Structure formats: C-alpha cells, structure tokens
Amino acid sequence: MFADDPFRFFRFFLGVVATVYATVITLQSLWGWYVWLAGSDRYISLVRRYVLVHGLRLRFKTFWGDVLICILLTVAFFILWRAQATMDYIQQLLHVPHPRR
Amino acid sequence: MSPTPDANSQKLLPDGQSATVDTDVVQTSAPSRQLSELPKDELENLAEEFGLDAHAYQSRQHLVAAIHERRQLIASMDREAMLDVVKWGRRPVTANATREQLAVEIVRIKSMRFGGLSQAGLKVLGYLRGVDVHDTDDVPLLIRRLKRKEGFFTRLNRKRRSLIGSAVSRILGEADTAAYQFLPGQGEDPPDPASAPGRSASIKEEIEEAGLFGGITSRIKRSADQYLNQKLDEIEARIDRKLDEIDRRLADWRDKEVANRIRILKITLWASVIVAALSLIYSYINVYFVRR
C-alpha cells in the first residue's frame with residue numbers, strides 16, 4: 001500500500017505513530033511533574049510557588065518571532081491538508097485511479 | 001531584663017486595702033502574683049530595679065508599700081520624657097517598651113552628665129533617683145538637686161573614675177560612636193541610623209559610669225558586637241548575591257529551554273509543511289499529467 005505513494009507512509013507515520021508516541025511521552029512527563037509538585041512537603045510547596053513565579057515571569061516577546069513562525073507554519077500545514085483533500089476529491093471526480101487503490 | 005510582677009493585677013497595700021493602677025503599668029509579662037506574696041529576695045530585687053534602697057525600709061510591709069507607690073509613680077510618668085532619658089542614657093530598649101521597662105533601664109543609668117537631657121527628662125530622672133522634684137523646677141535647679149543627691153563619696157569616686165577614664169581615653173583614642181537607636185521590636189525593621197536622635201557615649205564617660213574594668217569591658221563588648229554585626233551583614237549580603245545569581249541562572253536556563261523546545265517544534269512544522277507540499281505536488285502531477 002505504501003509502495004505506490006511514499007507520502008502516504010509519511011502521513012501515516014506522522015499522524016499515528018509519532019503523534020501517539022509524543023502524546024504518551026508528554027503525558028507521562030506531565031504526570032510525573034504533577035505528582036512531584038503536588039506533594040505537601042514544605043520545600044515542595046516552596047518549589048511549586050517558585051515554578052509558578054518563574055512561569056509568570058516568562059516574557060512572550062523573547063520568543064515572539066519563533067512563536068509567530070510556528071503559528072504561520074501551522075496555518076500553512078492546515079491549508080496544505082485542505083488542498084490535499086480537495087485534490088483527492090478531484091481525483092475521484094475525474095475517475096482517475098488513485099495509486100492507493 | 002528581669003521579670004517584674006504583673007502590675008495589671010490588683011495590688012494589695014500592707015493593710016489589705018486594694019488599689020488599681022493605670023493600664024500602662026500592666027503590660028509586663030510577669031506572673032500575676034501580689035507583691036506581698038513575693039519572697040523577700042525577689043521583693044528586694046524588684047525594689048532595686050525600681051531605684052529603691054530595700055534596706056532603707058524597716059519592715060517588709062513598708063517595702064511593699066514603697067514598691068507599690070513607686071509603680072504608681074512610674075505609671076503616671078510622661079512616656080515621651082522617659083524615652084528622652086533612655087536615649088540620653090543610651091540604654092537598649094525597644095521603642096514600644098512599657099513604662100516599667102523604661103523605668104528599670106533609667107534606674108540603671110548612673111551618669112551625672114546631664115547635657116542634652118530635656119526638662120521633662122530631668123524630672124523623670126529626678127523622680128526615679130528619689131530627688132524632691134516640683135513641677136515648677138527649672139533645668140539648673142533640677143541638675144543642682146540631682147547632683148546634691150549624689151553624695152560626697154559617690155561624687156569622689158566618680159571624679160576618680162573620670163580621671164582614669166581621661167587617661168585611658170588619651171591612650172586608646174576616641175572611636176566614633178553611632179547615634180542612639182532603639183532595639184527593633186518583633187517583626188520590625190531596624191530604624192534608620194540617620195534619623196535616630198541621641199548622643200554618643202565616650203570611653204571616658206563609660207569608665208566614669210561603670211569603672212575602669214566595666215567601661216573597658218563594655219567598650220570591648222560593643223566593638224565585638226559591631227564586628228559580629230558587620231560580619232553577619234556581609235554574610236547576609238553574600239547569601240543574597242548568591243540567591244540572585246541562582247535565580248538569574250534559573251531564568252536563563254528556563255529561557256534557553258523554552259527557546260529550544262520552540263525551535264524543535266518549528267523544525268518539525270517545517271518538515272511537515274515541506275513534505276505536505278511535496279505530497280500535494282505529487283498528487284497534482286499524478287492526477288493531471290501521469291494518469292490522464
């Protein structure tokens with residue numbers, strides 16, 4: 001199936017394997033941090049507040065260039081996705097056999 | 001400061017009559033025992049703390065009555081005047097000390113140099129040194145009465161100590177002494193040294209008041225305290241600097257970490273967009289050129 005269209009392999013890999021893997025790893029990490037920071041120890045409470053303060057002190061304008069590029073790339077990605085869907089639709093209308101079929 | 005009986009409690013006069021006192025006297029943290037119930041040594045100690053000669057009273061009941069009377073007198077004194085005396089005498093008290101605490105410190109002042117002391121302060125000092133003070137007395141008269149109260153031999157001893165003090169002062173040299181500051185109370189910051197009033201005590205005056213060894217000991221103790229305070233301040237400043245450095249490094253690390261994550265995200269998005277564009281071009285060529 002993937003031999004006809006190498007991009008399909010990429011989409012499948014990115015959409016399923018990489019996303020699931022990244023989600024599991026991220027959730028595991030977040031859960032570990034949550035459990036550690038939720039402790040009732042006095043020093044953990046101190047660290048929790050310190051982390052919160054550091055989070056609040058984070059300046060958006062330090063990274064605003066990269067963040068803007070990421071937003072634009074995400075928009076471009078969704079536009080391309082939509083274009084790919086339209087292309088698939090045109091392929092069906094023209095009865096052109098798709099390499100996947 | 002040694003504890004004094006709670007003045008808030010009802011004081012019993014020797015004949016059993018009760019009397020109530022002003023609420024200001026009440027604020028000491030002493031056990032609520034009546035004066036007449038105190039042991040003899042405690043009673044004598046209390047009398048001395050209030051500037052009374054315990055041996056001058058014939059019986060225990062007379063002493064109790066005298067202490068009671070002295071406490072009533074202290075309760076009626078002007079607190080600002082008492083603070084003036086404390087500043088003048090450079091006694092270590094907090095600014096919110098009670099009248100009784102101030103009185104105990106004033107009694108400990110033995111100085112006979114009255115320069116810089118207000119009229120109200122002189123009156124307070126006179127009351128606590130057992131001088132006959134009237135409201136109409138002016139400053140020179142008050143000073144004369146205080147000096148007369150001192151006694152011949154006490155004055156002679158003071159003059160002798162003053163001479164020794166002068167000699168020691170010439171040998172050691174006079175160090176600069178800071179202006180008077182109240183002790184910081186609980187949860188209070190130390191007062192600004194620039195705004196603190198008062199006068200400086202020299203080594204000569206200290207020897208004159210406390211004797212050769214007492215004066216030198218006091219000076220050494222004060223120097224040691226100053227050195228210790230200076231070192232503690234330095235250590236505190238060093239710790240503060242270290243904490244600031246750690247905080248700054250953590251902030252740098254946090255910024256770098258966030259920037260790194262965003263860069264990884266950006267690279268992933270670039271790769272996704274490029275491959276998606278290639279995929280679209282591939283599909284377009286496949287639909288319009290290859291399969292047609």
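In this predicted model, helix H1 of chain A and helix H8 of chain B, the latter spanning residues 203–290, pack with their axes coming within 10 Å and crossing at roughly 145°. Two packed helices are described by the angle between their axes and the distance between the axes. The crossing of H1(A) and H8(B) is left-handed. On the side of H1(A), the residues that take part are A:Phe7, A:Phe10 and A:Leu14. They meet B:Ser272, B:Val275, B:Leu278, B:Ser279 and B:Tyr282 in H8(B). Sorted by class, this contact has six nonpolar and two polar residues, with no charged residues.

The meeting of these two helices belongs to the interface of the chains, where 27 residues of chain A are in contact with 26 residues of chain B. On the side of chain A that touches chain B, helix H1 (6–37) and helix H3 (60–93) each supply at least two residues. H3(A) gives the most, with 17 residues. By class, the residues of this side of chain A divide into 20 nonpolar, five polar and two charged.

Chain A itself may be considered next. The chain has three helices and zero strands, and from the N terminus on its elements run α-α-α. Of its 101 residues, 2% count as buried.

Chain B contains both kinds of element, with eight helices and two strands. Read from the N terminus, the two strands precede the helices, in the order β-β-α-α-α-α-α-α-α-α. Buried residues make up 23% of the 292 residues in chain B. Among contacts in this chain between residues at least 6 apart in sequence, 57% join residues at least 24 apart.

One helix of chain B illustrates how burial can be arranged. Helix H2 of chain B, residues 60–75, has 16 residues and reaches 23 Å from its first C-alpha to its last, close to the 22 Å expected at 1.5 Å a residue. Its buried residues are B:Leu63, B:Val64, B:Ile67, B:Arg70, B:Arg71 and B:Ile74. Seen down the axis of H2(B), these buried residues fall within an arc of 125°, and therefore they line one face of the helix. An α-helix has 3.6 residues a turn, so residues three or four places apart point the same way. What covers the buried residues of H2(B) includes two other helices of chain B, namely H1 (40–49) and H4 (99–108).

Definitions and conventions: Residues numbered from 1 in each chain as written. Chains lettered and ligands numbered in written order. Predicted model: local features only at pLDDT ≥ 70, side-chain atom pairs only at ≥ 80, totals over all residues. Contact = placed C-beta atoms within 7 Å. Helix = DSSP H or I, 4+ residues; strand = E, 2+ residues; numbered from the N terminus. Nonpolar A, V, L, I, M, F, W, Y, C, P; charged D, E, K, R; others polar. Expected span 1.5 Å × (residues − 1). Buried ≥ 20, exposed ≤ 12 C-beta atoms within 10 Å, placed from the backbone. Arc of directions from axis to C-beta. Axes fitted to C-alpha atoms, helices over the stretch in contact; angles between N-to-C directions. Left-handed = near helix turned anticlockwise from the far one by under 90°.
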